[in-house]
Amino acid sequence: MNGPVEVRAGARLSAPRIMARCDELARFSEQPDGLTRVYLSPQQQAANERVLAWMREAGMNARLDAIGNVVGRYEGERPGLPCLILGSHLDTVRDAGKYDGMLGVVSAIESVHALNAAGRQLPFAIEVVGFADEEGVRFNATLIGSRAVAGAFRQETLNAVDKDGVSLREALRGFGLDPERIREAAHRRGEVLAYAELHIEQGPVLEAEGRAVGVVTAINGATRLAIEIDGAAGHAGTVPMTLRQDALAAAAECVLAIERRCAGVPEMVGTVGKLEALPGAVNVIPGKARFTIDIRSPEDSLRVAAVQDVLAELQAICRRRGVVLKTTQTHEGGVAACAPWLMEQMGAAIAAEGIAVRKLPSGAGHDGMAMIELCDIGMLFVRCEKGISHNPAEAITVADAEIGARVFLRFIENFRPQAQ
Ligand code: GLV
Ligand code: MN
Ligand code: MN
């Protein structure tokens, strides 16, 4: 598995280079002993510069777009042809693994590198995008990068603030970008043939079945909420238990109610991933609690019903405890179905590698959820170890990186736009 792989005469892919580049990107991190890289941070700037250089080396014209995405364009047989967009994200969760997002960007660049090395131009252009914000860690607003490309950026998101009170508007300016020009990042519909993304599965199915890759059928829908509970801060030693308005105790009851409601529906998941108590001292009753809710399901109607029930239950808990509930929806996205024609072409590329085609849904969110506003979407999953993701233990093998890249390149080389 070491060294370049011959895909077609002259077209060469290097899985070890894909792995090395994921390692390299993992070094652009807030903390030295792990990986956290959030939107519009100095670490993202450094990662962007590296990715821009790789894109140029692979034969692309590369630039930063108006929202901070890295975009590389490889022209087709003539300049200015409609493009196939390939990509994934370059931001990470806190204490992340090094393949979620990055593998897709690096594998797409590797595919273009192989085409360029073979001197091949296709009857369409290719654009590779390293999306700047998919995870939504910094501003609690997910898919900012891909929404901008899809022309679906919401102006009110500019007012979202990070934990230090810095607004997205201010952060964009600090990054050298002009918030008034975000719409310049958008593609028009006729310019784009499809969006295709390679991503690690982030789940255990492919590994359990002994398969290296699979075709994604749809991305589950998701709702995210930011919750704030206002109680009354007080002295931990003097206020009797019956006279407290403890915001954190109320939040704890809410967390369990969310878990109960979501656990009651097959394939639904509900998570409180962030919880803070304020002012946050051992001898002060928490006067305020903040937490996030993330609820997902392959069925939109079931998710919407669960969110309604959860909000009603949270309201009841807070009323009973004499505390005040404030809820803000930070994300709402329905199930994003992959286009059957792209699934078929992705499946053909897998079959051509002599691998049986496995189709599976994605429980994790992806940039395709936003890109579907612009064009049809398709995804290729690559097996990851024990299905672990959003965790520094995230791992893939060089052999699987190679199979993933070979399939992806085959898909690109044989890509036929849908007849209009
Ligand atoms: C993104 O990784 C998500 O599914 O939250
Ligand atoms: Mn992720
Ligand atoms: Mn991801």
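Which residue of β6 does S88 stand opposite? S88 stands opposite G130. I start there and work outwards to the metals.

First, the conventions. This is a predicted model, in which local features need pLDDT of at least 70 and side-chain atom pairs count only at pLDDT 80 or more, while totals for chains, interfaces and linings use all residues. Residues are numbered from 1 along each chain as its sequence is written, chains are lettered from A and ligands numbered from 1 in the order in which they are written, and side-chain values use heavy atoms, with hydrogens and water left out.

Now the strand. β5 covers residues 83-89, and 7 of its 7 residues are buried. Buried means under 20% relative accessible area, exposed is over 50%, and partly exposed is in between, with a 1.4 Å probe and protein chains only. Helices (H or I, at least four residues) and strands (E, at least two) are DSSP runs, numbered from the N terminus. C83, I85, G87 and H89 point one way from β5, and L84, L86 and S88 point the other way.

β5 has parallel pairings with β6, residues 125-131, over 7 bridges, and with β7, residues 192-200, over 4 bridges. Two strands pair if DSSP finds at least two bridges between them. On the β7 side, L86 has A196 as its bridge partner. With helix α3, residues 102-117, β5 and β6 form a right-handed β-α-β unit. Right-handed here means that, with the strands pointing away from the viewer, the path from the first strand over the helix to the second runs clockwise.

Next, the metals. Which residues coordinate the manganese ion that is ligand 3? They are H89 through NE2, D100 through OD and H199 through NE2, at 2.0 to 2.2 Å. H89 is in strand β5 and D100 in the loop between β5 and α3, 11 residues apart. Donors are N, O and S atoms within 2.8 Å of the metal (3.2 Å for Na, K and Ca), and water is not among the atoms, so sites may look incomplete. H89 has a relative accessible area of 0%, and D100 has 6%.

The manganese ion that is ligand 2 has as protein donors D100 (OD), E135 (OE), E135 (OE) and H390 (NE2), lying 2.1 to 2.7 Å from it. D100 lies in the loop between β5 and α3 and H390 in the loop between β18 (377-382) and α11 (398-413), so the two tie together parts 290 residues apart in sequence. H390 counts as partly exposed, at 41% relative accessibility. The two manganese ions are 3.5 Å apart, and D100 coordinates both.

H390 and E135 also appear around ligand 1, together with E134, R224, R296, A364 and G365. Ligand 1 has an oxygen atom 2.6 Å from an N or O atom in the side chain of R296. For the side chain of H390, the corresponding distance is 3.1 Å.

Last, R138, in the loop between β6 and α4 (144-149). R138 is buried, at 18% relative accessible area. Its side chain reaches the backbone oxygen of L40 at 3.3 Å, and a polar atom of that side chain lies 3.0 Å from the backbone oxygen of Y39. Leaving aside neighbours within four places in sequence, R138 is in contact (heavy atoms within 4.5 Å) with residues including V38, S41, V161 and D162.

Technical notes
Polar contact = N/O pair within 3.5 Å; in protein donor to acceptor, adjacent residues only side chain to side chain. Near = heavy atom within 4 Å.
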